[in-house]
Amino acid sequence: MIDLYTWTTPNGYKVSMMLEETGLPYRVHPVDIGNGAQHEADFRAISPNGKIPAIVDGEVSVFDSGAILIYLAEKTGQLLPTAAAERARVLQWLMFQMAHIGPMIGQLAWFTRSAPEPVPLAIDRYTQESARLLTVLNGQLTNHEYIAGDFSIADIAHYGWVSLAIEPLRASAPEALGDTSALERWLKAVGERPATIKGMSVPALD
């Protein structure tokens, strides 16, 4: 049984989606980041950076959502090819999410929702870059059913972040965002998967 420490964020949803896709049994431990639970000593022993998600699988603990996706893919032999070229294709798009999509959209969300006062230069910077990154994804998906060809951890990694950002960006930066038809088709396809529906509801909060 895998213990999942998570909260209702795009990074948290990655791991619950992956666990549902692979069929691995897991227990959910909500970590209320709004109340600072991520800074408690017990959780920091699992996730030294004080960020969700994290998992404990027997004697193995893993933090950081990208590392967890790779660990679970390798554990189950699912959603990450073993052939070198196909594996590299999935991993490069996973890193695209980890290094670009997540940080840029995350900063945009903070400056637009949580900053104590508006910072127009930062909002414009993160809006334009987030929109640009989504155009890169839309271009990739124009010629591919899923981000790296077949459905993979690259799609799982992107789904929550793209879902969070696309409507606000369409409203605030329609010219920079441009055509999103391929992204819309992909969002629908991934969003209708049973594992996505279940994973996006974890943790279930009363």
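In this predicted model, the largest nonpolar core (a set of buried Ala, Val, Leu, Ile, Met, Phe, Trp, Tyr and Cys residues joined through side-chain atoms within 4.5 Å) has 55 residues, and those with the most contacts inside it are Leu72, Leu134, Leu137, Ile153 and Trp186. Here buried means under 20% relative accessible area, exposed over 50%, and partly exposed in between, with a 1.4 Å probe and protein chains only. Two or more residues are given to this core by each of S1, H1, H3, helix H4 (84-113), helix H5 (120-142), helix H6 (153-172) and helix H8 (181-191), where helices (H or I, at least four residues) and strands (E, at least two) are DSSP runs numbered from the N terminus. The largest share, 10 residues, comes from H6. Leu134 touches Ile101, Val162, Ile166, Leu169, Leu177 and Leu183, leaving aside residues up to four places away in sequence; contact means heavy atoms within 4.5 Å. A second, separate core of 9 residues includes Tyr5, Trp7, Val31 and Ile52. In soluble globular proteins, nonpolar side chains tend to be buried together.

Residues are numbered from 1 along each chain as its sequence is written. Local features need pLDDT of at least 70 and side-chain atom pairs count only at pLDDT 80 or more, whereas totals for chains, interfaces and linings use all residues, and side-chain values use heavy atoms, with hydrogens and water left out.

The open sheet is formed by 4 strands in the order S2-S1-S3-S4, with mixed pairing; two strands pair if DSSP finds at least two bridges between them. Strand S2 (26-30) and strand S4 (60-63) stand at the edges with a single partner strand each, so one side of each is left without a neighbour in the sheet. Strand S1 (residues 2-6) runs antiparallel to strand S3 (residues 54-57) and is joined to it by 3 bridges, with Val56 in S3 as the bridge partner of Asp3. Helix H1 (residues 10-22) packs on the sheet, touching S1, S2 and S3, and its direction makes about 155° with that of S1; such angles run from 0 to 180 degrees between N-to-C directions, the axes being lines fitted to C-alpha atoms, for helices over the stretch in contact. Helix H3 (residues 65-76) also packs on the sheet, touching S1, S3 and S4, with its direction at about 135° to that of S4.

S3 and S4 pair in the antiparallel sense over 4 bridges, and Asp57 stands opposite Val60 in S4. These two strands form a hairpin with 2 residues between them, and Gly58 in the turn has a positive phi of about 65°.
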